[in-house]
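Work through the exercises below with the sequence and the coordinates at hand. Each task is followed by a stepwise solution.

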Amino acid sequence: MNDIDAWVWWLVGAAALGIPLVVTAMPEFGMLAVGAVAGAVVSALGFDAVLQVLTFVVVSVALIAVVRPIAARHGRQRPQLATGVEALKGRQAVVLERVDASGGRIKLGGEVWSARALDTGRAYEVGQEVDVVDIEGATAIVI
């Protein structure tokens, strides 16, 4: 097998590693594919098989060791932009009908919502500003 064949085989290996990446969505396969491309580059430059394999191993392990923890950390973060019900939590609303533990009405984000007080012994009168702490179905829980 000559040098040209070796770098072609490295690229075939990279493509083969790309298939399970797409099928399983495991980024580690992509990192191994990048290592195979690095091996192809080293092969195309005319270096021997030992250096090609060493390059593949070093690049693959380095990518897995560095990129994987960063990706995992980003995966655990909450989205920066809250949408839906999550966007309503923490907002202020104005009481339209007296709100107590059994119910009431508020104006939240330009819409009228049913609401109830989080503290069962507390009531909020018309015109008072309240904070939304949670949403349960179509009812805002306020303090």
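Rings of Phe, Tyr and Trp (its six-membered ring) count as an aromatic pair if their centres lie within 6.5 Å; planes under 30 degrees apart make the pair stacked, over 60 edge-to-face, and the rest tilted. The model used throughout is predicted.

**Exercise 1. Find the aromatic pair in the whole structure, classify its geometry and state where its members lie in the chain.**

Step 1. A search of the whole structure returns one aromatic pair. The partners are Trp10 and Phe56, at 5.5 Å centre to centre and with 40 degrees between the planes.

Step 2. The pair is tilted, because an angle that is neither under 30 nor over 60 degrees falls in that class.

Step 3. Trp10 belongs to helix 1 (residues 3-24) and Phe56 to helix 3 (residues 49-76), so the pair links parts of the chain 46 residues apart.

Step 4. Buried means under 20% relative accessible area, and partly exposed runs from there to 50%. Trp10 has 17% relative accessibility and therefore counts as buried. Phe56, at 22%, counts as partly exposed.

**Exercise 2. Compare the UniProt "transmembrane region" spans with the model.**

Step 1. The unreviewed UniProt entry places this feature at residues 6-23 and 53-71.

Step 2. Residues 6-23 are 100% helix and 0% strand, with end C-alpha atoms 26 Å apart. For residues 53-71 the content is 100% helix and 0% strand, and the end C-alpha atoms lie 26 Å apart.

**Exercise 3. Check the length of helix 3, then locate its bend and its buried residues.**

Step 1. Helix 3 has 28 residues, so at 1.5 Å a residue the span should be 40 Å. The end C-alpha atoms are 40 Å apart, which agrees.

Step 2. A bend of about 25 degrees occurs in helix 3 at Val67, and Pro69 follows within four residues.

Step 3. Gln52, Thr55 and Ser60 are the buried residues of helix 3.

**Exercise 4. Describe the surroundings of Met31.**

Step 1. Met31 lies in helix 2 (residues 27-44). Its relative accessibility is 8%, so Met31 counts as buried.

Step 2. Beyond neighbours within four places in sequence, Met31 is in contact with Ser60, Leu63, Ile64, Val67 and Arg68. Among these, Ser60 is one of the buried residues of helix 3, and Val67 is the site of the bend in helix 3.

Step 3. Arg68 is 37 residues from Met31 along the chain, and their C-alpha atoms are separated by 9.3 Å.

**Exercise 5. Work out how the strands pair within the annotated C-terminal domain.**

Step 1. UniProt (unreviewed entry) lists "domain: NfeD-like C-terminal" at residues 85-142. That span is 7% helix and 59% strand, with end C-alpha atoms 14 Å apart.

Step 2. Strand 2 (residues 103-108) and strand 3 (residues 111-117) run antiparallel over four bridges; Ile106 has Trp113 as its bridge partner. Two residues separate the strands in this hairpin, where Gly109 takes a positive phi near 60 degrees.

Step 3. Strand 3 and strand 5 pair in the parallel sense over four bridges, and Ala117 stands opposite Val142.

Step 4. Strand 5 (residues 139-142) pairs antiparallel with strand 4 over four bridges; Glu136 stands opposite Thr139. These two strands form a hairpin with two residues between them, and Gly137 in the turn has a positive phi of about 65 degrees.

Step 5. Strand 4 (residues 129-136) pairs antiparallel with strand 1 (residues 92-100) over three bridges. Here Gln92 has Asp131 as its bridge partner.

Technical notes. Residues numbered from 1 in each chain as written. Predicted model: local features only at pLDDT ≥ 70, side-chain atom pairs only at ≥ 80, totals over all residues. Heavy atoms only, no water. Buried < 20%, exposed > 50% of the residue type's maximum accessible area, 1.4 Å probe, protein only. UniProt positions renumbered as here; feature names shortened; annotations may be inferred. Contact = heavy atoms within 4.5 Å. Expected span 1.5 Å × (residues − 1). Bend = angle between axes of the 7 residues up to and from the residue. Pairing = 2+ DSSP bridges.
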